[in-house]
Amino acid sequence: MTWDIEKIKTEVLSDVQAAGTLEALEAVRLKYLGKKGLVPEMYAGLGSASPEEKKSLGKGANDIKVLAEAQIAERKAALSLSAKKADALDVTIPGVARGLGSRHLIDQTVEEICDVFKNMGFVIQHGPEIESEFYNFSALNIPLDHPSRDSFDTFYLDAKDPAAAGRHLLLRSHTSPGQVRVMQKHTPPMAVIIPGKVYRPDAVDASHSFMFHQIEGLLVDKNVTFADLKGLLTAFCKKYFGDDVKMRFRPHFFPFTEPSAEVDIQSNIFKGRAGKWLEILGCGMVHPKVFEAAGYPAGEQMGFAFGMGVERIAMLKHGIGDIRTFVENDVRFLKQF
Ligand code: PHE
């Protein structure tokens, strides 16, 4: 048998280089140096070789053995080192910093608005999001069959109202039911702010959402006038939107206030809306029927109420064009505030 020594040497080199893991390298070692490997096979062939053949074959087998041992040892050292490196913990690499979250813009806006009223002596109260038809409508002088009820398209729940036969509970469509709840619980004088989520089955678009936030205000005392309401809301708008804000009170109708108005504002801080009147709230003097529903003796109290949309105010103040961005949870939007 003859062996092409030079060819075997090149195979040893390429086999060793091709071994990418310690296991693969061990297979190469067995192929050449193992008991059943090529080198022992070459030595075994020496016995039957002619004297000249013996000389060159013996030298060739030796050369291959030496080459394979050296190459495998070198490759083994390199592979062990990189395996160790992959495992190693490099304490000098800077840690991965976790971004700090921030409060949602709606939450911040609610707090900012409430703070303005708190500084004027108002107290924060909360009402339930699941309401009865009584508080959401009837107590607010909205008869159950009155067309004004249509303007508050409402989510009704399957759950029956335990307090009113045949009536269902609902998701409050405004924060005004809180007015009656607060009046029932406390005796005047009182000045309260009631922030919270409200629900209406509106088709979602850039300016409508089926859930949004309102902030309700209610003040009850003796001798309260519309001028007091006007003064309070003017102070609020100047404080919140800046001294150069322009306001207008536009006559309006709400069943639970009389007289009623909507307030529009104009300010050049509202990007792209300069010179435009923008509606921000509804308000008016508390209707006698609402005092009656709260159980207050007729003619003893006077008061005013107002309600504003938080998303709308945040959108104006921060130049946000689409109400849906508040609920999309896109961190790139949220982290700007
Ligand atoms: N509840 C009214 C609305 O949702 C706003 C309002 C509150 C108006 C209080 C007058 C007084 O549109």
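**Notebook: helix 10, the open sheet and the overall form**

I began with helix 10 (residues 310–318), where I found V310, E311, I313, A314, M315 and L316 buried, buried meaning under 20% relative accessible area, exposed over 50% and partly exposed in between, with a 1.4 Å probe and protein chains only. Helices (H or I, at least four residues) and strands (E, at least two) are taken here as DSSP runs, numbered from the N terminus.

I note that this is a predicted model, in which local features need pLDDT of at least 70 and side-chain atom pairs count only at pLDDT 80 or more, while totals for chains, interfaces and linings use all residues. Residues are numbered from 1 along each chain as its sequence is written, and side-chain values use heavy atoms, with hydrogens and water left out.

Next I looked up what covers the buried residues of helix 10, and the cover includes helix 5 (105–118), strand 6, helix 8 (226–241), strand 9 (278–286) and strand 10 (302–309); contact means heavy atoms within 4.5 Å. After helix 10 comes G319, and I read its phi as positive, near 65°.

**The sheet**

I then traced the strands and found that 7 of them form an open sheet with mixed pairing, in the order 1-5-6-10-9-8-7, where two strands pair if DSSP finds at least two bridges between them. Strand 1 (123–124) and strand 7 (246–254) stand at the edges with a single partner strand each, so one side of each is left without a neighbour in the sheet.

Working inward, I recorded that strand 5 (residues 190–199) and strand 6 (residues 211–221) pair in the antiparallel sense over 10 bridges, and that M190 has V220 of strand 6 as its bridge partner. Strand 6 also runs antiparallel to strand 10, joined to it by 8 bridges, with D221 standing opposite M302 in strand 10. On strand 10 I further noted an antiparallel pairing with strand 9 over 5 bridges, in which L281 has M308 as its bridge partner. Since 7 of the 8 residues of strand 10 are buried, this strand is largely enclosed by the rest of the structure.

**Two residues checked singly**

I looked up V123, which is found in strand 1 and counts as partly exposed at 43% relative accessibility. Leaving aside neighbours within four places in sequence, V123 is in contact with A191, V192 and I193. The C-alpha atoms of V123 and L13, 110 residues apart along the chain, are separated by 85 Å.

I turned to F210, in the loop between strand 5 and strand 6, which counts as partly exposed at 45% relative accessibility. Not counting residues up to four places away in sequence, F210 touches F155, V198, Y199, R200, D202 and V204; its C-alpha atom and that of V198, 12 residues apart along the chain, are separated by 8.2 Å.

**The whole chain**

Last, I took the chain as a whole, whose secondary structure comes to 11 helices and 10 strands. I noted a radius of gyration of 41 Å, whereas a compact globule of 337 residues would have one near 20 Å; the radius is taken over C-alpha atoms, and the globule rule is 2.2 Å times the number of residues to the power 0.38. The C-alpha trace spans about 135 × 50 × 35 Å along its principal axes. Of the 337 residues, 42% count as buried, and residues 24 or more positions apart account for 63% of the contacts with a separation of 6 or more.
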